[in-house]
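Open the model in a viewer and keep the selection tool ready. The tour goes from the cysteines to a set of strands, then to the cores, and ends on one helix.

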Amino acid sequence: MDKKEFLDYIDEKKDVITDVSDKIWEYAELSLMEFKSAKLYCEVLEKEGFKVETPVAGIETAFKASYGSGKPVIGILGEYDALSGLSQKAGATEREELVTGGCGHGCGHNMLGAGSMAAAFAVKKYLEKKGEGHGTVIFYGCPGEEGGASKAFMARDGVWKELDAAITWHPSDVNQVTSGTCNSCIQTEYIFKGVASHAAGAPEFGRSALDAVEVMNMGVQFLREHMPDSARIHYAITDAGGNSPNVVQPHARVLYMVRSMLAKDALALQARVDKIAQAAAMMTETEVTQQFIDGCSNTVPNKVLEQLLWNNFNEVGVDSYTPEEFDYAKKIMDSYEMKSDKLPGAACDEDEAIRAFVDEKSEHGTRPINDFLIPYHYSEKQRAGSTDVGDVSWLTPTAQINVASFVSKAPGHSWQNVSCGHTSIGHKSVITAGKGLAATAMDLFEKPEVLEAAKAEFEKKTAGGYYCPVPKDAVPVVPGQ
């Protein structure tokens, strides 16, 4: 099968695709509040001929855009939420807010969604030519990755079980297939209620909610000695009870994030943190309620899908850049406050041959844009972060790629990334990602033996069962609300 005519369709629709990326960049909406972004996607996808359904799993800014009929059913995942405090002028090489105190796409989700949509466009064109009954493509609009974990809520409601496989990508500073696993993660907010009183004149009548938070935090510090080395617990006091030290604080809140590689272990550790919160309330004679915020599982790597993605990425090729783009990238590199001496790419610390390849191609880590594809390396190494793509991977074979959308070694969630996400460098990555994903999806339709091999690998690795980190009665919420 010649994929070229279908991949060329992405080039034909380039202006539409990059316009969506830029508009989402401009909207810069926070998790679960991406109303303009979701509306734009639904309008563009409906115009392109997709059947659009919204909301999904009770999430107002989530949607599904489907085309085709029959099996296999291939899912393509998109995200579009921004981060707070990262407003930045596009293409600027110095910190310069676009909106004072505003939000920005420091993780590149404006590009992520647009690139995945581009892939869906091409696959739809392919299925049109194949005719009825040759398969289905579904583009999923997944909000709240930065603090909502919509994919985990969708997993709880069985959405991903309709798929034979799922593919996605993420903007990065390198071109590579993402392998390995990550941490499961659970976020819970603890809300303490006390009794206000004059801190000097009648302290005996007060019951401090802030004391309860501090006692809880101290209890968790002692827990750290008695949990696995691979686990992590983080917290932030989101409400300290007011600004008057002479008033016993009647209310206080603390947001906790509990991580472990497997969701079942994170759930077990979470239960211990819950007990500490209850004990802190007893010790201070306050009341505590808790609110589940979000949770996600570790990723299950799938070697068959990852190798297929790499093969197609290699065929599509990486982006090339103009002298002006390299000059911009060099100025961005010079703006980093903290300089990293690590080589770019996830596999450099696992494979000596890859390390040598990257060292040469990146000019010892000094090249401002990594315009090369890192060789494929399968891994089961646990990495520090978390993503709700993990919950998809526990219910269907899943794999993803990184495409160089940012300047080399750009700090994650940074103004530098925001600046780059609305430039020609970002636009190129969106088109390249779309082509790589689309070519892979078409192979899954054309090569049933590859899809069956991916499923067999998936069944073996998930034999222990899926432990959903989202409670049955939980609804997506924004912390503090």
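A disulfide here is a pair of cysteine sulfur atoms within 2.5 Å. Keep in mind that this is a predicted model.

**Cysteines**

Select C107 and C296. The closest cysteine sulfur to that of C107 belongs to C296 and lies 13 Å away, which is too far for a bond. C107 counts as buried, because its relative accessibility is 15% and the cut-off for buried is under 20%. Next, select C348 and C182. C348 is in no disulfide either, and the nearest cysteine sulfur, in C182, is 20 Å away. With a relative accessible area of 8%, C348 is buried too. A search of the whole structure finds zero disulfides.

**Strands 1, 2 and 4**

Show residues 51-53 and 63-69 as cartoon. These are strand 1 and strand 2, which run antiparallel and are joined by three bridges. To find one residue pair, pick V52, whose bridge partner in strand 2 is A65. Now add residues 135-141, which form strand 4. Strand 2 pairs with strand 4 over seven bridges, again in the antiparallel sense. Y67 marks the place here: its bridge partner in strand 4 is V137.

**Nonpolar cores**

Which residues touch the most other members of the largest nonpolar core? Select I17, Y41, L45 and M117: these are the ones, in a core of 76 residues. Colour residues 109-130 as well, since helix 4 gives this core its largest share, 12 residues. Then centre on I17 and display its surroundings. Leaving aside residues up to four places away in sequence, I17 touches I10, A114, M117, A118, F121, V430 and I431. Apart from this core lies another, of 25 residues; L32, I138, Y140 and F292 are among them.

**Helix 14**

Finish at residues 448-461. Helix 14 has 14 residues and spans 20 Å from its first C-alpha to its last, close to the 20 Å expected at 1.5 Å a residue. Show side chains for V450, L451, A454, E457 and F458, the buried residues of helix 14. They lie on the same side of helix 14, because the arc they cover around the axis is only 125°. In an α-helix there are 3.6 residues a turn, so residues three or four places apart point the same way. Turn the view to the other side of helix 14, where E449, E459 and K460 are exposed. What covers the buried residues of helix 14? Add strand 5 (165-172), helix 8 (303-316), helix 11 (389-393) and helix 13 (424-446), which are included in that cover.

Notes: Residues are numbered from 1 along each chain as its sequence is written. This is a predicted model: local features need pLDDT of at least 70, side-chain atom pairs count only at pLDDT 80 or more; totals for chains, interfaces and linings use all residues. Side-chain values use heavy atoms; hydrogens and water are left out. Helices (H or I, at least four residues) and strands (E, at least two) are DSSP runs, numbered from the N terminus. The expected span of a helix is 1.5 Å times one less than its number of residues. Buried means under 20% relative accessible area, exposed over 50%, partly exposed in between (1.4 Å probe, protein chains only). The arc is that of the directions from the helix axis to the C-beta atoms. Contact means heavy atoms within 4.5 Å. A nonpolar core is a set of buried Ala, Val, Leu, Ile, Met, Phe, Trp, Tyr and Cys residues joined through side-chain atoms within 4.5 Å. Two strands pair if DSSP finds at least two bridges between them.
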